[in-house]
Amino acid sequence: MKKLLICLLLLVTALAGGCASDSGKTTAAAPAAATAQPAAPDFSFTYLNGEKASLATLRGKPVFLNFWATWCPPCVGEMPHFNTVYPRYKDKIAFLAISLDDSMQEASDFMQQKGYSFPAGYGNINDLAGKYNIQGIPTSLLLDAQGNIIASKVGSMTEAELEDFLNKAL
């Protein structure tokens, strides 16, 4: 039922650009001096290895947060770029790819089968869609070290676009 609801929600947006609603729209939050940056809502999730955590545990350095699903072709298409870029940025930026699949096992099997090494977890789509106003996937957010949203992108990214996105936090 959850997958059907997501598919219906994304049906219109899927026609415009894969699973994304804004066809690659990137936004950056205004500088702190001009306007307060929006804080990313905290949420609990489970890493695919079974460890429980929350977004707040990643504070202290910038965070790259991505919402994805195994059934979303644009999501799957950008994941090799995450795997390539992650080793170069992991000491400077925390990575977290949150699966919105029907089960954690689907995401875990997918990540293991592909041999991806970047941190991934499983989240509650009903909770996260509301908190983050997720209208299409993939959706990527960049948070500063205090947990404020400094950039967002709906739609998949190439490796170069991902690096440009990440560099906004450095």
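Buried here means under 20% relative accessible area, exposed over 50%, and partly exposed in between (1.4 Å probe, protein chains only). This is a predicted model, in which local features need pLDDT of at least 70, side-chain atom pairs count only at pLDDT 80 or more, and totals for chains, interfaces and linings use all residues. Residues are numbered from 1 along each chain as its sequence is written, and side-chain values use heavy atoms, with hydrogens and water left out.

**View 1. The whole fold, with five helices and eight strands.** Helices (H or I, at least four residues) and strands (E, at least two) are DSSP runs, numbered from the N terminus. Walk along the sequence and you get α-β-β-β-β-α-β-α-β-α-β-β-α. Of the protein's 170 residues, 45% count as buried. Take contacts (heavy atoms within 4.5 Å) between residues at least 6 apart in sequence: 72% of them join residues at least 24 apart.

**View 2. Two stretches with pLDDT below 50, residues 20-26 and 29-34.** pLDDT is the predictor's confidence in each residue, from 0 to 100. The protein's mean is 85, with 79% of residues at 70 or more. Residues 20-26 still have 23 contacts beyond near neighbours in sequence, while 29-34 have eight beyond four places in sequence. Where pLDDT is low, don't read the predicted coordinates in detail.

**View 3. The largest nonpolar core, 50 residues.** Such a core is a set of buried Ala, Val, Leu, Ile, Met, Phe, Trp, Tyr and Cys residues joined through side-chain atoms within 4.5 Å. L55, F64, L65, F67 and Y132 have the most contacts inside this core. Helix α2 (residues 73-89) gives the largest share, six residues. Leaving aside residues up to four places away in sequence, F67 touches partners including F43, I98, L100, L128 and Y132.

**View 4. The loop between α4 (125-132) and β7 (139-143), home of P138.** A cis peptide bond joins I137 and P138, with omega about 0 degrees. Both of these residues are also among those touched by F67. N133 sits in this loop too, and has a positive phi of about 50 degrees despite not being a glycine. For background, most residues other than glycine have a negative phi, and most peptide bonds are trans.
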